[in-house]
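Let's take a walk through this structure together, looking at how its charged side chains and its cysteines are arranged. Have the viewer ready to follow along.

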Amino acid sequence: MRVAMIGTGYVGLVSGVCFSDFGHDVVCVDLDAAKIARLNRGETPIYEPGLGAMMEKNVAAGRLSFTTDLAAAVKGAEAVFIAVGTPTRRGEGHADLSYVFAAAEAVAAALTGPSVIVLKSTVPVGTNREVKRRVAAARPDLAIAVASNPEFLREGAAIEDFMRPDRVVVGVEDDATRKAMKRLYRPLNLRGPSMVFTSLESAEMIKYAANAFLATKITFINEIADLCEKTGADVQSVARGIGLDGRIGSKFLHAGPGYGGSCFPKDTLALTRTGQEANSPLRIVETVIEVNEARKRKMAEKVIDACGGSVAGKRIAVLGVTFKPDTDDMRDAPSLTIVPALIGRGAKVVIVDPEGRREGEALLPGADWAEDAYEAAAGAAAAVVITEWNAFRGLDLERLREGMAGDVLVDLRNIFRRDEAQAAGFAYTGVGRGSV
Ligand code: UGA
(Lines give C-alpha, C1' and ligand atoms only; values in the text may rest on other atoms or scores of the structure.)
Protein backbone atom coordinates (compact mmCIF):
# COMPACT_ATOMS: atom_id res chain seq x y z
CA MET A 1 0.00 0.00 0.00
CA ARG A 2 1.08 3.60 -0.48
CA VAL A 3 1.49 5.27 2.89
CA ALA A 4 2.43 8.79 3.97
CA MET A 5 3.61 9.40 7.53
CA ILE A 6 3.33 12.98 8.76
CA GLY A 7 5.78 13.66 11.59
CA THR A 8 9.11 11.93 12.13
CA GLY A 9 9.21 12.01 15.92
CA TYR A 10 9.58 8.79 17.85
CA VAL A 11 6.25 7.25 16.91
CA GLY A 12 6.18 8.55 13.32
CA LEU A 13 9.67 7.49 12.40
CA VAL A 14 9.49 4.05 13.99
CA SER A 15 6.04 3.38 12.50
CA GLY A 16 7.08 4.63 9.05
CA VAL A 17 10.21 2.49 9.02
CA CYS A 18 8.33 -0.58 10.27
CA PHE A 19 5.49 -0.17 7.73
CA SER A 20 8.11 -0.04 4.97
CA ASP A 21 9.59 -3.21 6.40
CA PHE A 22 6.13 -4.80 5.98
CA GLY A 23 6.54 -4.09 2.25
CA HIS A 24 4.43 -0.93 2.02
CA ASP A 25 5.70 2.13 0.12
CA VAL A 26 6.24 4.78 2.77
CA VAL A 27 7.07 8.46 2.48
CA CYS A 28 7.87 10.17 5.80
CA VAL A 29 7.22 13.90 6.01
CA ASP A 30 8.46 16.52 8.42
CA LEU A 31 8.51 20.32 8.41
CA ASP A 32 12.00 20.26 9.91
CA ALA A 33 14.26 20.43 6.85
CA ALA A 34 17.43 19.74 8.87
CA LYS A 35 15.90 16.55 10.24
CA ILE A 36 14.81 15.37 6.80
CA ALA A 37 18.31 16.11 5.48
CA ARG A 38 19.80 13.96 8.25
CA LEU A 39 17.36 11.14 7.50
CA ASN A 40 18.20 11.37 3.81
CA ARG A 41 21.88 10.99 4.74
CA GLY A 42 20.92 7.77 6.53
CA GLU A 43 21.30 9.21 10.04
CA THR A 44 18.67 8.46 12.69
CA PRO A 45 17.83 11.53 14.78
CA ILE A 46 17.01 9.40 17.83
CA TYR A 47 18.85 6.60 19.57
CA GLU A 48 16.71 3.50 19.14
CA PRO A 49 18.21 0.01 18.91
CA GLY A 50 17.71 -1.58 15.47
CA LEU A 51 16.15 1.47 13.83
CA GLY A 52 19.16 2.57 11.75
CA ALA A 53 19.68 -0.83 10.16
CA MET A 54 16.00 -1.27 9.31
CA MET A 55 15.88 2.22 7.84
CA GLU A 56 18.93 1.60 5.67
CA LYS A 57 17.54 -1.70 4.39
CA ASN A 58 14.20 -0.25 3.32
CA VAL A 59 15.63 2.92 1.80
CA ALA A 60 17.94 0.69 -0.27
CA ALA A 61 14.93 -1.40 -1.34
CA GLY A 62 13.22 1.78 -2.57
CA ARG A 63 10.28 1.48 -0.17
CA LEU A 64 11.15 4.29 2.22
CA SER A 65 11.91 7.96 1.62
CA PHE A 66 11.90 11.26 3.50
CA THR A 67 10.70 14.67 2.39
CA THR A 68 9.50 18.07 3.56
CA ASP A 69 7.01 18.15 0.66
CA LEU A 70 3.72 17.11 2.25
CA ALA A 71 1.63 17.58 -0.89
CA ALA A 72 3.88 15.32 -2.98
CA ALA A 73 3.97 12.63 -0.26
CA VAL A 74 0.21 12.61 0.20
CA LYS A 75 -0.60 12.46 -3.51
CA GLY A 76 -2.01 9.02 -4.26
CA ALA A 77 -1.52 7.75 -0.70
CA GLU A 78 -4.07 5.15 0.41
CA ALA A 79 -3.39 5.90 4.04
CA VAL A 80 -1.95 9.06 5.59
CA PHE A 81 -0.77 8.71 9.18
CA ILE A 82 -0.56 11.73 11.44
CA ALA A 83 2.07 11.26 14.12
CA VAL A 84 2.88 14.81 15.12
CA GLY A 85 3.48 15.91 18.72
CA THR A 86 0.75 16.66 21.26
CA PRO A 87 2.74 18.46 23.97
CA THR A 88 1.19 19.69 27.19
CA ARG A 89 -0.05 23.24 26.72
CA ARG A 90 1.95 25.60 28.89
CA GLY A 91 0.42 26.34 32.27
CA GLU A 92 -2.41 23.82 32.12
CA GLY A 93 -2.22 20.14 31.30
CA HIS A 94 -4.30 19.89 28.19
CA ALA A 95 -2.75 18.30 25.13
CA ASP A 96 -1.92 20.94 22.52
CA LEU A 97 -3.73 19.79 19.38
CA SER A 98 -2.74 22.62 17.08
CA TYR A 99 -0.14 20.48 15.28
CA VAL A 100 -2.64 17.66 14.75
CA PHE A 101 -5.30 19.93 13.28
CA ALA A 102 -2.78 21.79 11.11
CA ALA A 103 -1.43 18.51 9.74
CA ALA A 104 -4.92 17.09 9.07
CA GLU A 105 -5.97 20.24 7.23
CA ALA A 106 -2.78 20.29 5.16
CA VAL A 107 -3.30 16.63 4.26
CA ALA A 108 -6.96 17.18 3.32
CA ALA A 109 -5.97 20.08 1.08
CA ALA A 110 -3.30 18.00 -0.66
CA LEU A 111 -5.20 14.73 -1.19
CA THR A 112 -6.00 13.92 -4.79
CA GLY A 113 -8.23 10.88 -4.26
CA PRO A 114 -10.14 8.97 -1.57
CA SER A 115 -7.98 8.06 1.38
CA VAL A 116 -7.93 7.38 5.08
CA ILE A 117 -6.35 9.73 7.58
CA VAL A 118 -5.06 7.72 10.53
CA LEU A 119 -4.28 9.48 13.79
CA LYS A 120 -1.35 7.90 15.62
CA SER A 121 -0.65 10.88 17.87
CA THR A 122 -2.01 10.47 21.40
CA VAL A 123 -5.10 12.67 21.37
CA PRO A 124 -7.90 13.30 23.89
CA VAL A 125 -11.31 11.78 23.37
CA GLY A 126 -13.22 13.64 20.69
CA THR A 127 -10.20 14.71 18.64
CA ASN A 128 -10.66 12.17 15.83
CA ARG A 129 -14.27 13.27 15.42
CA GLU A 130 -13.17 16.89 15.27
CA VAL A 131 -10.52 16.00 12.67
CA LYS A 132 -13.22 14.22 10.68
CA ARG A 133 -15.44 17.29 10.82
CA ARG A 134 -12.64 19.62 9.72
CA VAL A 135 -11.51 17.32 6.92
CA ALA A 136 -15.06 16.94 5.59
CA ALA A 137 -15.52 20.71 5.68
CA ALA A 138 -12.25 21.27 3.86
CA ARG A 139 -12.83 18.65 1.15
CA PRO A 140 -16.55 18.00 0.61
CA ASP A 141 -15.57 16.70 -2.85
CA LEU A 142 -13.56 13.73 -1.53
CA ALA A 143 -14.32 10.60 0.50
CA ILE A 144 -11.81 10.91 3.32
CA ALA A 145 -12.21 8.50 6.23
CA VAL A 146 -10.66 9.00 9.65
CA ALA A 147 -9.27 6.20 11.81
CA SER A 148 -7.76 6.27 15.29
CA ASN A 149 -4.74 3.99 15.69
CA PRO A 150 -2.93 4.74 18.95
CA GLU A 151 0.60 3.46 19.33
CA PHE A 152 1.86 1.50 22.34
CA LEU A 153 5.57 1.32 21.62
CA ARG A 154 8.14 1.93 24.34
CA GLU A 155 11.28 3.90 23.65
CA GLY A 156 14.26 1.60 23.58
CA ALA A 157 12.10 -1.37 22.56
CA ALA A 158 10.14 0.44 19.86
CA ILE A 159 10.87 -1.84 16.90
CA GLU A 160 10.12 -4.95 18.90
CA ASP A 161 6.88 -3.41 20.24
CA PHE A 162 5.76 -2.41 16.75
CA MET A 163 6.62 -5.75 15.18
CA ARG A 164 5.31 -7.91 18.01
CA PRO A 165 2.53 -5.93 19.66
CA ASP A 166 0.19 -7.35 22.30
CA ARG A 167 -2.60 -5.79 20.27
CA VAL A 168 -3.31 -3.23 17.55
CA VAL A 169 -6.15 -0.86 18.45
CA VAL A 170 -8.11 0.75 15.63
CA GLY A 171 -11.09 3.09 15.91
CA VAL A 172 -13.07 3.06 12.65
CA GLU A 173 -16.55 3.93 11.49
CA ASP A 174 -16.96 2.02 8.24
CA ASP A 175 -16.13 -1.32 6.74
CA ALA A 176 -13.89 -0.11 3.91
CA THR A 177 -11.61 1.65 6.41
CA ARG A 178 -11.54 -1.41 8.63
CA LYS A 179 -10.42 -3.47 5.62
CA ALA A 180 -7.74 -0.91 4.70
CA MET A 181 -6.38 -1.01 8.26
CA LYS A 182 -6.34 -4.81 8.17
CA ARG A 183 -4.32 -4.73 4.96
CA LEU A 184 -1.83 -2.33 6.49
CA TYR A 185 -1.23 -4.61 9.44
CA ARG A 186 -1.58 -7.90 7.55
CA PRO A 187 2.03 -8.99 8.18
CA LEU A 188 1.27 -8.88 11.91
CA ASN A 189 -1.93 -10.86 11.58
CA LEU A 190 0.20 -13.76 10.42
CA ARG A 191 1.84 -13.81 13.83
CA GLY A 192 -1.55 -13.66 15.47
CA PRO A 193 -1.80 -10.55 17.66
CA SER A 194 -5.30 -9.33 18.18
CA MET A 195 -6.62 -6.36 16.27
CA VAL A 196 -9.14 -4.53 18.40
CA PHE A 197 -11.65 -2.67 16.23
CA THR A 198 -13.71 -0.16 18.12
CA SER A 199 -15.17 3.35 17.89
CA LEU A 200 -13.04 6.48 17.47
CA GLU A 201 -13.76 7.56 21.06
CA SER A 202 -12.96 4.17 22.59
CA ALA A 203 -9.66 3.91 20.72
CA GLU A 204 -8.64 7.33 22.03
CA MET A 205 -9.64 6.37 25.56
CA ILE A 206 -7.79 3.03 25.40
CA LYS A 207 -4.50 4.83 24.86
CA TYR A 208 -4.89 7.16 27.84
CA ALA A 209 -6.35 4.47 30.09
CA ALA A 210 -3.44 2.13 29.28
CA ASN A 211 -0.78 4.71 30.10
CA ALA A 212 -2.60 5.89 33.22
CA PHE A 213 -2.96 2.30 34.43
CA LEU A 214 0.74 1.57 33.89
CA ALA A 215 1.73 4.82 35.64
CA THR A 216 -0.56 3.79 38.51
CA LYS A 217 1.00 0.34 38.69
CA ILE A 218 4.51 1.83 38.96
CA THR A 219 3.41 4.36 41.55
CA PHE A 220 1.68 1.65 43.55
CA ILE A 221 4.82 -0.49 43.77
CA ASN A 222 6.88 2.61 44.59
CA GLU A 223 4.71 3.32 47.61
CA ILE A 224 4.83 -0.34 48.61
CA ALA A 225 8.64 -0.03 48.33
CA ASP A 226 8.63 2.84 50.82
CA LEU A 227 6.58 0.76 53.23
CA CYS A 228 8.94 -2.20 52.72
CA GLU A 229 11.83 -0.01 53.84
CA LYS A 230 9.98 0.85 57.03
CA THR A 231 8.88 -2.69 57.79
CA GLY A 232 11.82 -4.84 56.76
CA ALA A 233 10.17 -6.41 53.68
CA ASP A 234 11.84 -6.57 50.28
CA VAL A 235 9.93 -4.99 47.38
CA GLN A 236 11.47 -7.26 44.76
CA SER A 237 10.14 -10.33 46.57
CA VAL A 238 6.80 -8.61 47.03
CA ALA A 239 6.63 -7.69 43.32
CA ARG A 240 7.41 -11.27 42.37
CA GLY A 241 4.92 -12.63 44.86
CA ILE A 242 2.07 -10.48 43.62
CA GLY A 243 3.13 -10.46 39.96
CA LEU A 244 2.74 -14.22 39.62
CA ASP A 245 -0.97 -13.70 40.17
CA GLY A 246 -2.20 -13.60 36.59
CA ARG A 247 -4.74 -10.94 37.50
CA ILE A 248 -1.91 -8.59 38.50
CA GLY A 249 0.94 -9.56 36.17
CA SER A 250 4.65 -9.14 36.80
CA LYS A 251 5.44 -6.32 34.38
CA PHE A 252 5.80 -2.68 35.45
CA LEU A 253 6.33 -3.58 39.06
CA HIS A 254 9.93 -2.37 39.29
CA ALA A 255 10.24 0.13 42.08
CA GLY A 256 12.43 3.11 41.28
CA PRO A 257 12.83 6.88 41.43
CA GLY A 258 9.44 7.57 39.79
CA TYR A 259 8.27 7.35 36.21
CA GLY A 260 9.34 9.89 33.60
CA GLY A 261 9.51 10.15 29.83
CA SER A 262 7.55 11.78 27.09
CA CYS A 263 4.30 9.88 27.67
CA PHE A 264 3.24 8.98 31.21
CA PRO A 265 3.64 12.46 32.73
CA LYS A 266 1.96 14.20 29.78
CA ASP A 267 -0.82 11.66 29.24
CA THR A 268 -1.79 11.24 32.90
CA LEU A 269 -2.08 15.02 33.20
CA ALA A 270 -4.15 15.34 30.02
CA LEU A 271 -6.47 12.52 31.16
CA THR A 272 -7.12 14.17 34.52
CA ARG A 273 -7.94 17.43 32.74
CA THR A 274 -10.43 15.60 30.52
CA GLY A 275 -11.96 14.03 33.64
CA GLN A 276 -12.28 17.37 35.41
CA GLU A 277 -13.89 18.97 32.39
CA ALA A 278 -16.35 16.11 31.97
CA ASN A 279 -17.20 16.40 35.67
CA SER A 280 -15.97 12.85 36.12
CA PRO A 281 -12.67 13.36 37.96
CA LEU A 282 -10.08 10.59 38.00
CA ARG A 283 -9.01 10.84 41.60
CA ILE A 284 -6.69 7.84 41.45
CA VAL A 285 -4.76 9.25 38.50
CA GLU A 286 -4.64 12.71 40.08
CA THR A 287 -3.05 11.15 43.17
CA VAL A 288 -0.61 9.13 41.05
CA ILE A 289 0.68 12.34 39.47
CA GLU A 290 1.12 13.98 42.88
CA VAL A 291 2.81 10.97 44.44
CA ASN A 292 5.18 10.59 41.49
CA GLU A 293 6.22 14.24 41.57
CA ALA A 294 6.85 14.07 45.31
CA ARG A 295 8.82 10.87 44.85
CA LYS A 296 11.34 12.45 42.51
CA ARG A 297 12.04 15.12 45.12
CA LYS A 298 12.23 12.51 47.87
CA MET A 299 14.94 10.61 45.99
CA ALA A 300 17.37 13.50 46.43
CA GLU A 301 16.69 13.37 50.19
CA LYS A 302 17.36 9.65 50.13
CA VAL A 303 20.82 10.29 48.66
CA ILE A 304 21.53 13.04 51.17
CA ASP A 305 20.46 10.77 54.06
CA ALA A 306 22.70 7.98 52.77
CA CYS A 307 25.56 10.50 52.76
CA GLY A 308 25.06 11.17 56.47
CA GLY A 309 22.73 14.15 56.17
CA SER A 310 24.82 16.45 53.98
CA VAL A 311 26.31 16.45 50.50
CA ALA A 312 27.86 19.92 50.77
CA GLY A 313 31.31 19.91 49.19
CA LYS A 314 31.05 16.20 48.38
CA ARG A 315 31.63 14.66 44.97
CA ILE A 316 28.68 12.51 43.92
CA ALA A 317 28.88 10.20 40.89
CA VAL A 318 25.55 9.88 39.08
CA LEU A 319 25.16 6.78 36.93
CA GLY A 320 22.48 7.35 34.30
CA VAL A 321 20.30 10.40 33.69
CA THR A 322 17.99 9.46 30.78
CA PHE A 323 14.42 8.64 31.83
CA LYS A 324 15.14 4.97 31.20
CA PRO A 325 17.90 2.93 29.51
CA ASP A 326 18.34 2.46 25.75
CA THR A 327 17.21 5.96 24.91
CA ASP A 328 18.83 9.40 24.82
CA ASP A 329 15.53 10.96 25.89
CA MET A 330 15.68 13.18 28.95
CA ARG A 331 12.05 14.32 28.99
CA ASP A 332 10.67 14.43 32.54
CA ALA A 333 13.54 12.19 33.69
CA PRO A 334 13.76 11.84 37.50
CA SER A 335 17.40 12.97 37.17
CA LEU A 336 16.15 16.44 36.21
CA THR A 337 14.79 16.77 39.75
CA ILE A 338 17.43 14.78 41.65
CA VAL A 339 20.64 16.23 40.16
CA PRO A 340 19.71 19.94 40.58
CA ALA A 341 18.56 19.20 44.15
CA LEU A 342 21.96 17.67 44.98
CA ILE A 343 23.82 20.54 43.33
CA GLY A 344 21.58 22.98 45.20
CA ARG A 345 22.72 21.38 48.46
CA GLY A 346 26.36 21.93 47.57
CA ALA A 347 27.28 18.61 45.95
CA LYS A 348 29.73 18.40 43.05
CA VAL A 349 27.93 16.04 40.67
CA VAL A 350 29.76 14.04 38.01
CA ILE A 351 27.52 12.24 35.54
CA VAL A 352 28.05 9.27 33.28
CA ASP A 353 25.39 8.16 30.79
CA PRO A 354 25.93 6.08 27.62
CA GLU A 355 23.59 8.27 25.51
CA GLY A 356 22.35 11.12 27.67
CA ARG A 357 25.17 13.64 27.43
CA ARG A 358 24.11 15.37 24.20
CA GLU A 359 20.73 16.38 25.61
CA GLY A 360 21.68 16.31 29.26
CA GLU A 361 24.48 18.87 29.28
CA ALA A 362 22.15 21.81 28.69
CA LEU A 363 19.45 20.44 31.00
CA LEU A 364 21.75 19.81 33.94
CA PRO A 365 23.89 22.93 34.27
CA GLY A 366 26.57 22.82 36.92
CA ALA A 367 27.25 19.10 36.60
CA ASP A 368 30.43 17.57 35.16
CA TRP A 369 30.46 14.62 32.79
CA ALA A 370 32.70 11.56 32.72
CA GLU A 371 33.37 8.95 30.05
CA ASP A 372 32.74 5.92 32.25
CA ALA A 373 31.49 5.01 35.70
CA TYR A 374 34.98 4.49 37.14
CA GLU A 375 36.04 7.96 36.05
CA ALA A 376 32.82 9.47 37.43
CA ALA A 377 33.30 7.72 40.77
CA ALA A 378 37.00 8.55 41.20
CA GLY A 379 37.29 10.42 44.48
CA ALA A 380 33.50 10.47 45.01
CA ALA A 381 31.83 10.21 48.37
CA ALA A 382 28.87 8.40 46.85
CA ALA A 383 27.73 6.71 43.64
CA VAL A 384 24.04 6.98 42.72
CA VAL A 385 22.34 4.84 40.08
CA ILE A 386 19.39 6.72 38.56
CA THR A 387 19.03 4.85 35.24
CA GLU A 388 19.51 1.08 34.89
CA TRP A 389 21.72 0.95 31.78
CA ASN A 390 23.09 -2.55 31.17
CA ALA A 391 26.59 -1.05 31.10
CA PHE A 392 26.22 -0.40 34.84
CA ARG A 393 24.93 -3.82 35.75
CA GLY A 394 28.24 -5.42 34.90
CA LEU A 395 30.45 -2.95 36.78
CA ASP A 396 33.30 -4.30 38.85
CA LEU A 397 32.03 -3.02 42.20
CA GLU A 398 35.35 -3.56 43.96
CA ARG A 399 37.16 -1.46 41.38
CA LEU A 400 34.46 1.21 41.62
CA ARG A 401 34.74 1.33 45.42
CA GLU A 402 38.53 1.39 45.40
CA GLY A 403 38.56 4.55 43.30
CA MET A 404 36.12 6.35 45.58
CA ALA A 405 36.79 8.49 48.62
CA GLY A 406 33.62 7.28 50.36
CA ASP A 407 31.66 4.04 50.46
CA VAL A 408 28.06 5.09 49.72
CA LEU A 409 26.17 3.34 46.93
CA VAL A 410 22.58 4.46 46.35
CA ASP A 411 20.93 2.17 43.84
CA LEU A 412 17.62 3.78 42.84
CA ARG A 413 16.91 0.96 40.34
CA ASN A 414 17.90 -2.04 42.45
CA ILE A 415 20.37 -3.29 39.84
CA PHE A 416 22.88 -4.57 42.42
CA ARG A 417 22.51 -7.11 45.17
CA ARG A 418 23.03 -5.81 48.65
CA ASP A 419 25.37 -8.69 49.63
CA GLU A 420 27.58 -8.17 46.55
CA ALA A 421 27.77 -4.43 47.15
CA GLN A 422 28.60 -4.99 50.80
CA ALA A 423 31.27 -7.55 49.90
CA ALA A 424 32.85 -4.88 47.68
CA GLY A 425 32.99 -2.56 50.68
CA PHE A 426 29.93 -0.43 49.99
CA ALA A 427 27.32 0.89 52.39
CA TYR A 428 24.38 0.00 50.15
CA THR A 429 20.98 1.67 49.89
CA GLY A 430 18.43 0.33 47.40
CA VAL A 431 14.74 1.08 46.91
CA GLY A 432 12.28 -0.84 49.06
CA ARG A 433 14.89 -3.25 50.32
CA GLY A 434 14.23 -3.14 54.01
CA SER A 435 15.35 -6.67 54.80
CA VAL A 436 18.78 -7.69 55.98
C1 UGA B 1 5.23 4.23 27.58
C2 UGA B 1 4.39 2.95 27.47
O3 UGA B 1 5.07 1.87 28.13
C4 UGA B 1 4.16 2.58 26.01
O5 UGA B 1 3.30 1.45 25.94
C6 UGA B 1 3.49 3.77 25.30
O7 UGA B 1 3.30 3.52 23.94
C8 UGA B 1 4.38 4.99 25.45
O9 UGA B 1 4.57 5.27 26.84
C10 UGA B 1 3.67 6.13 24.75
O11 UGA B 1 2.59 6.53 25.21
O12 UGA B 1 4.12 6.54 23.68
P13 UGA B 1 7.84 4.81 27.40
O14 UGA B 1 7.47 6.14 27.95
O15 UGA B 1 8.73 4.73 26.22
O16 UGA B 1 6.52 3.96 27.03
O17 UGA B 1 8.61 4.03 28.55
P18 UGA B 1 8.25 2.94 29.66
O19 UGA B 1 9.11 1.76 29.44
O20 UGA B 1 6.81 2.71 29.79
O21 UGA B 1 8.78 3.68 30.96
C22 UGA B 1 8.18 4.87 31.44
C23 UGA B 1 8.75 5.25 32.78
O24 UGA B 1 8.34 4.36 33.79
C25 UGA B 1 10.29 5.24 32.83
O26 UGA B 1 10.74 6.36 33.55
C27 UGA B 1 10.60 3.95 33.54
O28 UGA B 1 11.84 3.98 34.21
C29 UGA B 1 9.46 3.86 34.51
N30 UGA B 1 9.17 2.49 34.96
C31 UGA B 1 8.70 1.57 34.10
C32 UGA B 1 9.38 2.15 36.29
O33 UGA B 1 9.83 2.99 37.13
N34 UGA B 1 9.08 0.89 36.70
C35 UGA B 1 8.59 -0.05 35.86
O36 UGA B 1 8.33 -1.19 36.31
C37 UGA B 1 8.41 0.29 34.52
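Which side chain meets that of D21 in a salt bridge? The partner is K57, with an N to O distance of 2.8 Å. Keep in mind as you look that this is a predicted model, and that the distances here are computed from it.

The pair is a nice place to begin, as it links distant parts of the chain. D21 belongs to helix 1 (residues 10-21), while K57 sits in helix 3 (residues 51-60). In sequence, the two are 36 residues apart. Both ends of this bridge are partly exposed: D21 has a relative accessible area of 22%, and K57 has one of 48%. As a general point, side chains of opposite charge can pair when their charged atoms come close.

From here, turn to a pair within a single helix. E130 and R134 form a salt bridge whose closest N and O atoms are 2.8 Å apart. Both residues lie in helix 6 (residues 127-138), and because they are four residues apart there, about one helical turn separates them. E130 is partly exposed at a relative accessible area of 23%, and R134 is likewise partly exposed, at 27%.

The same kind of spacing appears in helix 15 (residues 357-363), where R357 and E361 are four residues apart, about one turn of the helix. Their side chains meet in a salt bridge with an N to O distance of 2.9 Å. Here R357 counts as partly exposed at 32% relative accessibility, and E361, at 39%, is partly exposed too. Salt bridges also connect into something wider: by sharing partners, they join E105, E130, R133 and R134 into one network. How many salt bridges does the structure hold? The count is 31.

Finally, what about the cysteines? A disulfide needs a pair of cysteine sulfur atoms within 2.5 Å, and by this rule the count comes to zero. C18 shows how this plays out: the nearest cysteine sulfur, that of C28, is 11 Å away, so with a cut-off of 2.5 Å C18 is in no disulfide. Is C18 buried or exposed? At 0% relative accessibility, C18 counts as buried. C263, by contrast, is partly exposed, with a relative accessible area of 32%.

How values were computed:
Residues numbered from 1 in each chain as written. Predicted model: local features only at pLDDT ≥ 70, side-chain atom pairs only at ≥ 80, totals over all residues. Heavy atoms only, no water. Buried < 20%, exposed > 50% of the residue type's maximum accessible area, 1.4 Å probe, protein only. Salt bridge = Lys/Arg side-chain N within 4 Å of Asp/Glu carboxyl O.
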